Structures are given as C-alpha cells and as structure tokens.
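The following account leads through a single protein chain, from its backbone to its interior and its charged pairs. Please keep the model in view while reading.

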Amino acid sequence: MTRSGSLDRIDALLSGITDPAFTAVIRAEPLAISGTPVLAYWMQSRANDWRTLNNIGSITTVLIRGYFRLVESTNVRESVEADLWDAAYQIDTVLRSDANLADNCTDSNVGSATFSTEPVGNALYRAVSVPFEIMIYEDVSITP
C-alpha cells in the first residue's frame, strides 16, 4: 500500500476515459491549459480519522476537475454541457471500478460532482469537479 501508488492508479483510471476524450490528464492544478477537454487532479485535504493504540488512519481528498473551454458558439456550448454530464458519470464509474486502487489504499469514496465556470490563465472554462476520498486505515504508526 503506497500513497504514490494510489496517485498512479488514479492517473491510469482517469486516462482510460474515452467519452468525452480528454487531451491530457494532469497531476496538478493547472495554471494554463493548451488543449481541451483536459482532466486534472490534485490534493485538496488530508485528515487523521480513526485511532488505535498502534496507528492512525487517514482520509485524503483528491479533487478531480475536468475543463472544457468556453466559446461563443451556442451549439458548442450546448454540447459542452452534455460532455460535462458524461464526464461526471465516467469519472464516477472508473473510480468506483477499483475502490482500493490496486491495493494501494484501504477504501475510497467518490463524492458528488459539481459544475462551475472557472478562470484559468486568460480563458474561461466550464468545469466538472469531483472530490475523491482515499482511506488508508494504518497510515501513521504510533510508537509507544
């Protein structure tokens, strides 16, 4: 079980999404986007959760966000809304297909998707954001 293995598995699962076809999967919050749609994910929070005499479990939340460039065309904007919904479904589906991330965590949970308009660089994007919780039951050892 490794934290880096969890991130590698998230990357592999997200890279397998084909509808919509993302141009890239980025393991960081993007400062600029060259092509769309693109998926990005990054650490959002980490909390100690449960405690025994020997260890402490943790929950780390990774935020997954899909970006779709906003354009003037009404037809394109309408198709982006459909792609956002498809992306929310696909992210949910691929992450639930491997709840323990190839044995790199104890369990995981896909949160509720939200939709927004996000500025990145000098452009606006429609975005779908999905929080993903990674649970590791014996993350921190306690030494008596």
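At 54% relative accessibility, D103 counts as exposed, because the threshold for that class is over 50%. The residue belongs to the loop between helix 2 and strand 4, and its phi is positive, about 65°, although D103 is not a glycine. A102 lies in the loop between helix 2 and strand 4 (107–110) as well. Its phi is also positive, at about 55°, and A102 is likewise not a glycine. With a relative accessibility of 45%, however, A102 counts as partly exposed.

These values come from a predicted model, and its confidence deserves a word before further detail. The chain has an average pLDDT of 87, and 92% of the residues score at least 70. Among the elements of the chain, strand 1 has the highest mean pLDDT, 94, and strand 6 the lowest, 85. Where pLDDT is low, the predicted coordinates should not be read in detail.

Two further backbone features concern prolines. The peptide bond from D19 to P20 is cis, with omega near 5°, and P20 is placed in the loop between helix 1 and strand 1 (25–26). A cis peptide bond also runs from T36 to P37, where omega is near 0°. P37 is found in the loop between strand 1 and strand 2.

Helix 1 itself comprises 13 residues. From its first C-alpha to its last it reaches 19 Å, which is close to the 18 Å expected at 1.5 Å a residue. Its buried residues are G5, S6, L7, I10, L13 and L14. Two residues of this list, I10 and L14, reappear in the interior of the model.

Which residues have the most contacts inside the largest nonpolar core? They are I10, L14, I64, I91, L95, F132 and I134, in a core of 26 residues. Two or more residues of this core are given by each of helix 1 (3–15), strand 2 (38–51), strand 3 (55–69), helix 2 (74–96) and strand 6 (123–141). The largest share, seven residues, comes from helix 2. In soluble globular proteins, nonpolar side chains tend to be buried together.

F132 shows what such contacts look like at a single position. Leaving aside neighbours within four places in sequence, F132 is in contact with I10, I64 and L95, among others. Its other partners are T60, T61, V62, L101, S108, N109 and V110. Apart from the largest core lies another, of ten residues, which include A40, L63, V120 and A123.

Aromatic rings provide a further link between strands. A search of the whole structure finds two aromatic pairs. In one of them, the rings of Y67 and Y125 have their centres 6.0 Å apart and their planes at 85°, so the pair is edge-to-face, a class that requires planes over 60 degrees apart. Y67 lies in strand 3 and Y125 in strand 6, so this pair ties together parts that are 58 residues apart in sequence. Both Y67 and Y125 are buried.

Charged side chains form the last group. Side chains of opposite charge can pair when their charged atoms come close. How many salt bridges does the structure hold? There are five, and three of them are described here.

In one salt bridge, the side chains of R27 and D8 meet at 2.7 Å, N to O. R27 lies in the loop between strand 1 and strand 2 and D8 in helix 1, so the pair ties together parts that are 19 residues apart in sequence. R27 counts as partly exposed at 40% relative accessibility, and D8 is partly exposed with a relative accessible area of 42%.

Another salt bridge joins the side chains of E118 and R65, at 3.8 Å, N to O. E118 is in strand 5 (residues 114–120) and R65 in strand 3, so parts that are 53 residues apart in sequence are tied together. At 12% relative accessibility, R65 counts as buried, because that class covers values under 20%.

The side chains of R126 and E81 also meet in a salt bridge, at 2.7 Å, N to O. This pair links distant parts of the chain, with R126 in strand 6 and E81 in helix 2, 45 residues apart. R126, at 16% relative accessibility, counts as buried, whereas E81 is partly exposed, with a relative accessible area of 38%.

Notes
Residues numbered from 1 in each chain as written. Predicted model: local features only at pLDDT ≥ 70, side-chain atom pairs only at ≥ 80, totals over all residues. Heavy atoms only, no water. Core = buried A, V, L, I, M, F, W, Y, C linked by side-chain atoms within 4.5 Å. Buried < 20%, exposed > 50% of the residue type's maximum accessible area, 1.4 Å probe, protein only. Helix = DSSP H or I, 4+ residues; strand = E, 2+ residues; numbered from the N terminus. Contact = heavy atoms within 4.5 Å. Phe/Tyr/Trp six-rings, centres within 6.5 Å; stacked < 30°, edge-to-face > 60°. Expected span 1.5 Å × (residues − 1). pLDDT = per-residue confidence, 0-100. Salt bridge = Lys/Arg side-chain N within 4 Å of Asp/Glu carboxyl O.
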